[in-house]
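The exercises below ask you to read interfaces and ligand surroundings from a structure, one step at a time. Please work through each task with the structure open before turning to its solution.

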Amino acid sequence: MADLVTITVDGVAMQGKAGEVLIKVAEDNGNFIPRFCWHPRMKPVGMCRMCLVEVVGPRGRMLVPSCTTTINEGMEVDTQSAVVKKAQEGVLEYLLINHPLDCPVCDKGGECPLQDHTVAYGPGESRFVEEKRHFEKPIPISELVLLDRERCILCARCTRFSDEISGDPLIEFKDRGNAVQVITFPGEPFSSYFSGNTVQICPVGALTAKPYRFKARPWDLEAVESVSMVDSIGSKVSVQSSQNEVVRIDGIDNDATNHGWLSDKDRFVFESIHSADRITTPLIKEEGQFREATWGEALDLVAERLTSFPGAQVAGLGGANSTNEEAYTFGKFLRTIVVTPHIDAQLDDGLDPQFLVGVTPRAAIPDLETAKTILLWAADLKEEYPVLYLRVRRAAAELGANLIVVHPRATGLDDVATHKVRYRPGTGPEVLRELTGDDADYTEIREALAAGPVVGIVGRTGLGEDPRLAEAVAAFVRDFSEGKIMPLARRGNVVGALDMGLAPTLLPGRVSESAAHDVLESEWGPLPEGLGRNATSILEGLRDGELRALIMLGTDPVRDHAEPELAAAGLDGAEFVVAMDQFITDSVAAADVVFPVAGFAEVEGTVTNIEGRVQKVNRLVPSPGQTRATWSVLDDLARRMDGNLGATAAAAIAKEITGVAPAYHGVTWDALDWGDGREGLLLPLAEGVQHLEYIPVDGQLASVDARYGLHLGRVLYDDGVRVRMSPSLAALRPEGAVFLNAAALDALGLAPGSPAVVEGASGRVELPVAVDNSLGDGTVYVPANLESTRSLGAAVAVTVSPGGDA
Amino acid sequence: MKPATLSEAEMDAISDWSESSQQLVRELLGKYPDKRSAVMPLLYVSMIENGYVTAEGMKSVAVLTGLTGAQVQSVASFYSMYKREELGKYLVSVCTSISCFLLGADDVLAAIEDETGVPDGETGHDGTFTVEHVECNGACGGAPVVLVNYEMVEGVTAEKARELVKWLRDGGPDVVGTEEMQQLFGGAKSFDWAVREPEGAVLPVPAFAPYGSARGVK
Amino acid sequence: MKILTERMEAHRTDSHTIERYEATGGYSALRKGFEIGPEAVTAEVKASNIRGRGGANFPAGVKWGFLAPARPAYLVINADESEPGTFKDRQLLERDPHQLVEGVVLSSYALGVNHAFIYIRGEYPKPARRVQHAVDEAYAKGYLGKDILGSGFDLDVTVHLGGGAYICGEESALLNSLEGRRGEPRIKPPFPAVEGLYSKPTIVNNVETISNVPWIVSNGGIAYASIGPDTSAGTRLISLSGHINKPGNYEIVMGMTWRDLIYDIGGGIPGGRELKAWIPGGSSAPWFVPAEHLDTPATIDDVNDLGSMMGSGAVIVMDETTDVVAAAHRIVRFYSHESCGQCTPCREGTTWLERIFNRLLNGQGRMADIDLLIDVSDGISPGLTWPPAMTTICPLGPSATAPVVSIMKYFRDEVEARVVSGIPVALEAADG
Ligand SMILES: Cc1cc2nc3c(=O)[nH]c(=O)nc-3n(C[C@H](O)[C@H](O)[C@H](O)COP(=O)(O)O)c2cc1C
Ligand code: SF4
Ligand code: SF4
Ligand code: FES
Ligand code: FES
């Protein structure tokens, strides 16, 4: 713990940590000093001069910026003196000289620090009689952000964010002195995955977000705290609505997860909530067409059909995008009402469920603050886990951690990595053996890893990567001093869903099926015997007629499973498919009955992030039309099937989880809403127990031998349904292409832009080729899950050949 | 300090630059512990190539220094000498700061504007002259001071300034030498220049051999 | 007594060449330095009491003592000379570049630096050519590069040309600029000696400061300290400009009065006109007027005590014909043009001042503008005290208030008359 330092501010003694700046210590102790440029998550620059205070020292009083002044023992500070007041008035008067004062038409009006400070600290009137500085009114600087330079007060928060935090300095100061402006470079728009953060931290209305522009006035907004469910990082957000419509999502600062930052996907995905394509009534398929149905009709039909199959011939997929309460109810429904063990929340695109929830020792995100060495052998974080990317970037760029990135191609973190290893997909096991052995190429990396604490971030680099490789890497990292592991899987609440037992090998509360079967029967009643099938095996079973019915909860295997053909065949082979969802995805389209269910911002519950941190998501708007909460649909269905789930309310389910699920003992909504859990509760708590302590092992995988290894990697804006249904994000989806290095293009006799065919055991695409010289010999990269690439399954060994007529 | 070797992408970025400029790029990148430091000299080289700082030039410098275009633009636009518009053959800069002002610099500027027909801050249609007023040039003892392509003449009067303009227009010297101009059009100097040197500017870019715009280089 | 300009005065045509430099004892200080060792070189510089010649007058030896132990460390020579009125470094660069180079090698050796930079303002191509040539010669002769004169000491020197921005004379802005960034001053602390170029310990010294080092090492710090008054030791270059008969650079021993400087050395005011005011240390300095200051000594401390500064040693003389409002405007305009734009008060305040002056000069002034000028100045430099308090990061903003305060203090009646008539008082006098 850092040393405490005592200072006196306006006569009040207060304590702060050594090294902290005055403005923060004062604020933490209830004395707010006005500011524009200072931001607690960025290095102070002392530019705006709004935060000037007087420090009383041996040589008299000195006017200093409180944002750049670190506290000293005994420091005496005056924030209220006449000199300070005058300086504050001066700064505000200077800032207003060139400010257009168009507050009535400004998005920021009503929540603008400039407006507020002017009222509180400003001069009465301006004495400036000259002409103001003029700029062209708002200009788009990216697809998402508009810039009004007349309103800008040149605090450099946006430029510093993009340079210091997100590492894509596309917006910068230009010119000098009074001509300074913030701007992009011609032909290089501010197309950062993080651009929305600059809108959020801009202290005036200079940066505005297209999806929010003119949507609401701040005083009309209602807001709740919640957690982004776009990925599994658990970023804390404020969801804001106007007239029952979500109009904005902002990040909320917290030490644990996102530091207040969000990706633009987290931020703007709210558009999908009010999409016109939402399903708002139950649907029943008749003669290949959906027709609207009443709830009673649809529920009766489903109950009747499901009862007609032996339980073990029914399977359930999904739940990783639901809350814990919904996932729990889904699992309980499947295991006790349908009585089937075939359950999977993942689509064979993640990691072994026991590894994912039970690995030990598990790293938490804040461990990145103290890690000396980080081994990242997983997806390109910038594309799949953007907020985690920011945290790792900070660790490497600001905190001096060694960062080792192992990946088939260049990643967003390469510029801050101390070591980069690139390899051809399929040869990962070989690379790992060289790393663990005494291969001279990796001596420096081994030395770096010797400096602990070490955090190993492991996961599948691409969809074709064998998940057992991540486990082997984890086994390697575990042996280093203070080695901890952060296994990655992507869907918003995947860990929560697995913790709720949505995997064949798991039961609720981070326990293995085999170990907890009997214990749970005493709570739930009889459970199906034997281990169920995982997603791939479920789809195979459906295709082959071994399984006959499928219940899907918010999942789209046709798009997301590694083998799209298998997924389609599975759905096709099923005799009866019921889907609970918000949109008619490719998979939902194959259903016989569809239940419209409420989603993000429409339901209350908990989610568990990748670290095992439980946080609360909250309800802000009513769900549209006849949509209902998932748990209540399942409860109704259970009754119609002569069972009883006891799911009367999300809060009641949460209580039940606390009692039934060992790792969730002590996790109460009270604690999350009001108590210690406001920044989330990292499991297991003192009251909880984690029975499953999964020790990863290196299964000595064999490498895949092939001329071309396919890297099927995700991009942030892919064809996932929520991106597709958010127009602002949908527009940002890239075109698909086949990427090879220049030498490979030459060898194949291809010119950039000409068609190439990639073909593997699970599919084929023909697309234009493009050059990516970060790819090694034999690596072919195709972005996953784009409209144009989805026919290519996730096989590693592929062939590449000229397409078209060539 | 060894010249840097350029990667393929870096060479691509300056493939249309002259060989001598490409060589300069290698040398300049070798002069600093961190390649970002070479931004300023590289911007001068880009001016030699393009006449002024163009978007393409900034992009090339960005590639060479590992920066974004926005970052290079941010640096370039901070400094007065990275001109962002096409310049005349002769950039005539008149100091109008305090010491020169006290000794009639405004008249010198007016005379030059009048004689060239080019207003302060602009470039004439025929591309011969760009006229600008500038702040102190470190020659206050020889005020008023005029620079032509950054080569200095001290102790200039309004009349001499007109003659200087005519000489440039009619003679159109390819190399602008400070000594020659001083002899022809100068007066009092800040200090004894002592000795003539042969070098001079061939472009409105400071004639500093390592950046290229001196006699004999381009 | 001449230290810096002795060689150039004695050898008009070739003082800048290595042949002449060597023939007149050049690089012998370096040999001596290598004999006595780095600590002894540092000790001589400390003993000399030489104060920096870049403007802040900070004792060089003390600054060197602050250099943090981390390595690499850097030495950066500030040759950005852009303060209106100042042109002394240009002469040193052009006329005796080897003196600087030898100073750089000695200082680097003393400081444990293996890479030094000479940052020359962009508008100085000729001085840069001379310095680069000298550096090339020094490499060729083994005074730079690896194992200099068999001492085992290595040094590289990079000559860097600025891009036209006065603020890069401020040392931390200079370092940013040298790193390929905008020349924006940094927040201090940390000072460059602890975290400077590339965040490494860095000493920034002025051209003139370092040009003295060979003499100090040759002759001993004590000998240097014994020249001139205790707190203004040594000789220094004074740049005289403006309304003066003999403008130019003069190497003087400090301690003479302003009258001596302006009338004896500078030869007085042209046409026998009256002296109206002068700026004692570069355009940033508050003005002096004959009635109060003519017979006070021109030393660092005396000038400071009287509310101004010797700064960079630039003396700008204004005679009775001077329109002080226009002169003040010219100086304010300079700072407004050269503001880096980081701090609100400097960015907005200096421009506002300039625009108020524009109105005054256009005959559109109002009486209220006089208080407004003072108040806007006060917002940049609270209390308008000396030394100036600042609401800004660096002293550039407050510098813009010096002329405002000066004309209000000594010539308020002229300013008021200007508001009323819209015509410069000096012109009125000429007409009337
Ligand atoms: C606005 C501003 C401009 C400055 N310009 C110069 C300059 O042109 N040359 C210089 O040597 N020092 C200049 N300085 C002083 C430098 O910051 C620094 O103090 C000096 O270079 C240190 O060298 P010295 O200790 O040898 O004087 C300037 C300072 C300020 C605040
Ligand atoms: S756009 Fe906003 S955040 Fe960026 S500098 Fe201007 S006021 Fe600050
Ligand atoms: S005072 Fe002026 S020049 Fe100095 S840092 Fe602030 S804005 Fe820049
Ligand atoms: S908040 Fe401290 S200077 Fe801006
Ligand atoms: S004022 Fe013109 S050169 Fe200094």
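## Exercise 1: Chain A against chain B

Between chain A and chain B, two salt bridges are counted; in this predicted model, describe the contact around them, beginning with the residues on each side.

**Solution.** Start with the extent of the contact, in which 14 residues of chain A meet 14 residues of chain B. The two chains bury about 1,200 Å² between them, and 51% of this lies on carbon and sulfur atoms. On the side of chain A, the residues that lose the most area to chain B are Asp175(A), Arg176(A) and Phe185(A), which together make up 46% of what that side buries.

Next, turn to the polar part of the interface. Asp175(A) forms a salt bridge with Arg84(B), with the closest N and O atoms 2.7 Å apart, and Asp175(A) is also among the three residues of chain A that lose the most area to chain B. Between the two chains, nine residue pairs are in polar contact.

Finally, assign the contacting residues of chain A to elements and classes. Strand E8 (residues 172–174) of chain A gives the largest share of the side that touches chain B, namely three residues. By class, that side of chain A holds seven nonpolar residues, one polar residue and six charged residues.

## Exercise 2: Chain C against chain B

Determine how many residues each of chain C and chain B brings to their contact, and identify the element of chain C that gives the largest share of its side.

**Solution.** Begin again with the residue counts: chain C contributes 69 residues and chain B contributes 55 residues. The area buried between these chains is about 5,000 Å², with 56% of it on carbon and sulfur atoms. Arg90(C), Arg129(C) and Arg330(C) supply 14% of the area that chain C buries against chain B, which is more than any other three residues supply.

The second step concerns charged pairs, of which the interface has six salt bridges. One of the residues just named, Arg90(C), takes part in a salt bridge with Glu154(B), where the closest N and O atoms are 2.9 Å apart. The count of residue pairs in polar contact between chain C and chain B is 29.

For the last step, helix H16 (residues 324–338) of chain C provides eight residues, the largest share of the side that touches chain B. The classes on this side of chain C are 27 nonpolar, 24 polar and 18 charged residues.

## Exercise 3: Two domains within chain C

Locate the domains of chain C, and then characterise the interface between domain 1 and domain 2 of that chain.

**Solution.** Chain C is divided into domain 1 (6–225), domain 2 (230–319) and domain 3 (324–430). The contact between domain 1 and domain 2 of chain C draws 19 residues from domain 1 and 24 residues from domain 2, while the C-alpha centres of these two domains lie 26 Å apart.

The buried area between domain 1 and domain 2 of chain C is about 1,700 Å², and carbon and sulfur atoms give 46% of it. In domain 1, the greatest losses of area to domain 2 fall on Arg51(C), Arg53(C) and Phe87(C), together 29% of what that side buries.

Across this interface there is one salt bridge, and Asp301(C) and Arg51(C) form a salt bridge whose closest N and O atoms are 3.6 Å apart. There are 13 residue pairs in polar contact across the interface. On the side of domain 1, helix H6 (88–95) and helix H12 (221–225) of chain C each give two or more residues, and H6(C) has the largest share with three residues.

## Exercise 4: The shells around two ligands

Which residues are the closest to ligand 2, and which are the closest to ligand 3?

**Solution.** Take ligand 2 to begin with: 13 residues surround it, the closest being Cys152(A), Cys155(A), Ala156(A), Cys158(A) and Cys202(A). The shell around ligand 2 divides into 12 nonpolar residues, no polar residue and one charged residue.

Then consider ligand 3, which is surrounded by 13 residues, the closest being Cys340(C), Gln342(C), Cys343(C), Cys346(C) and Cys394(C). The shell around ligand 3 has eight nonpolar and five polar residues, and no charged residue.

Technical notes:
Residues numbered from 1 in each chain as written. Chains lettered and ligands numbered in written order. Predicted model: local features only at pLDDT ≥ 70, side-chain atom pairs only at ≥ 80, totals over all residues. Heavy atoms only, no water. Domains from an automatic or database assignment. Contact = heavy atoms within 4.5 Å. Buried area = accessible area lost by both parts, 1.4 Å probe. Salt bridge = Lys/Arg side-chain N within 4 Å of Asp/Glu carboxyl O. Polar contact = N/O pair within 3.5 Å; in protein donor to acceptor, adjacent residues only side chain to side chain. Helix = DSSP H or I, 4+ residues; strand = E, 2+ residues; numbered from the N terminus. Nonpolar A, V, L, I, M, F, W, Y, C, P; charged D, E, K, R; others polar. Near = heavy atom within 4 Å.
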